[in-house]
Amino acid sequence: MPKLRTGGLSLKLPARDLVQEVLDMGVGLTAATTSQVEKKYESRTNPNSPSLSSNVSDPMVIAKLHAIMEAVADRVEMHQNIGKQRDSWNSLLLTSINTITLTAAAMTGIAATNVGGPLVALKISSTLMYLAATGMLVVMNKIQPSQLVEEQRNAARLFKQLHGRIQTTLSSGNPTSSDVEEAMEKILALDKAYPLPLLGVMLDKFPETVEPAVWWPHHGQRQESPSGRTDGNGWSVELEEEMREIVGVLKRKDTEDYLRLGKVALKVNKILAKSGPLLTGMAACGTALMGPSHGSWAAILGVVAGAMASVVNTMEHGWQVGMMFEMYRSNAGFFRLMEETIESNLNERDVGRRENGELFEMKVALQLGRSFSGLKNLASASSYSSSRKGEAIIDEEFASKLF
């Protein structure tokens, strides 16, 4: 039977200090785990307690924001598709009406040189064509397809912008229920500003007064409170004065100028919209009265009025005057939104509740197409112009360099 060798094997037991260290690590790990579990339990049972839950997003909030993103993406697609459809309406209706009008004018001229049976047939045909063109023009001038296209373009752009902001909220922070409510309010405001249906809720294409387009929710102006810090969070007294001067320039120059251009475009569009059907109606009457008993004036009226109607229709819808009016109104709305955003931040005296001043200044500069130095120069020039009381401000610079 073999014998075990006992001389070569030696067992070295760990020192007492090492054992104690391992035990202390285990106790510490257990205490940390227990503390973590207690904090999780406390955060679930008491939502108002400061805990690790402040760094953990609510799954329901994230699910709601994803659902809103899907709805916004669907609206972008709808507005783009309907915009293309209404752009086709504008081109097809313009071509069709001009073709009908010019054909009727040509038939009227031919009928003026004939007598007997051919005269009656050409008179009836051209009169019916003029009446059809008049009806189509009334409908086309009522809905203003070029203006509808511009509305859909703006809506698609703004919904894309909202989609990007929701993505940023989800990827770079801890979304809350207030983010969900804000996104919902913005969607409903955009739906109201740029409706899809034509019947019942279509925007008035010929309003009595020209107002900037409004596509953002209104929460009321913040009341300026005397308490709170006036510097910090990127803000300073100089930056506040700079923002106030920029708001003044936006109101005096940019917003006012685009509203003025909108009024001009609206006035021109009203004149053209009334002139087109009136001229085709006069051409129809002249064609119907054409004959030996009324001399040549009826034929002249039928041909000239028809040709002029084609020119007026081309000027209105070919130059897209309705689209120009909507563009001016939308630009004025963009500057009005900037004014309200800046004033809302300035009225909040506690700078801790404002948007970071440096970031806010960068956003304003980008929206106006200016550098930081250009923004400061604009504010300085506005301050100098305002200090000259009683003197007319001549050649004051516009705030925006983009449009």
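## Ala 111 at the end of helix α2

A residue counts as buried when its relative accessible area is under 20%, and as exposed when that area is over 50%. In this predicted model, Ala 111 has a relative accessibility of 1% and is therefore buried. Helix α2 spans residues 59-111, and Ala 111 belongs to this helix.

Beyond the neighbours within four places in sequence, the contacts of Ala 111 are Leu 119, Leu 122 and Met 290. A link across the chain also appears in the backbone positions: Gly 291 is 180 residues away from Ala 111 along the chain, yet the C-alpha atoms of the two are separated by 9.2 Å.

## Glu 242 in helix α6

Helix α6 covers residues 237-288 and includes Glu 242. The relative accessible area of Glu 242 is 6%, so this residue is buried.

With neighbours up to four places away in sequence left aside, Glu 242 is in contact with four residues: Glu 361, Leu 375, Lys 376 and Ala 379.

## Leu 128 and a nonpolar patch

Leu 128 is part of helix α3, which runs over residues 117-143. Its relative accessibility is 52%, and because the limit for exposed is over 50%, Leu 128 counts as exposed.

Leu 128 also contributes to a nonpolar patch on the surface, together with Val 120, Ile 124 and Leu 131. The area of this patch is about 380 Å².

Key:
Residues are numbered from 1 along each chain as its sequence is written. This is a predicted model: local features need pLDDT of at least 70, side-chain atom pairs count only at pLDDT 80 or more; totals for chains, interfaces and linings use all residues. Side-chain values use heavy atoms; hydrogens and water are left out. Helices (H or I, at least four residues) and strands (E, at least two) are DSSP runs, numbered from the N terminus. Buried means under 20% relative accessible area, exposed over 50%, partly exposed in between (1.4 Å probe, protein chains only). Contact means heavy atoms within 4.5 Å. Patches are made of residues with over 30% relative accessible area and no salt bridge: like charges are joined within 9 Å, nonpolar side chains (Val, Leu, Ile, Met, Phe, Trp, Tyr) within 5 Å. Accessible areas come from the Shrake-Rupley method with a 1.4 Å probe; for residues, only the protein chains shown count as cover. A salt bridge is a side-chain nitrogen of Lys or Arg within 4 Å of a carboxyl oxygen of Asp or Glu.
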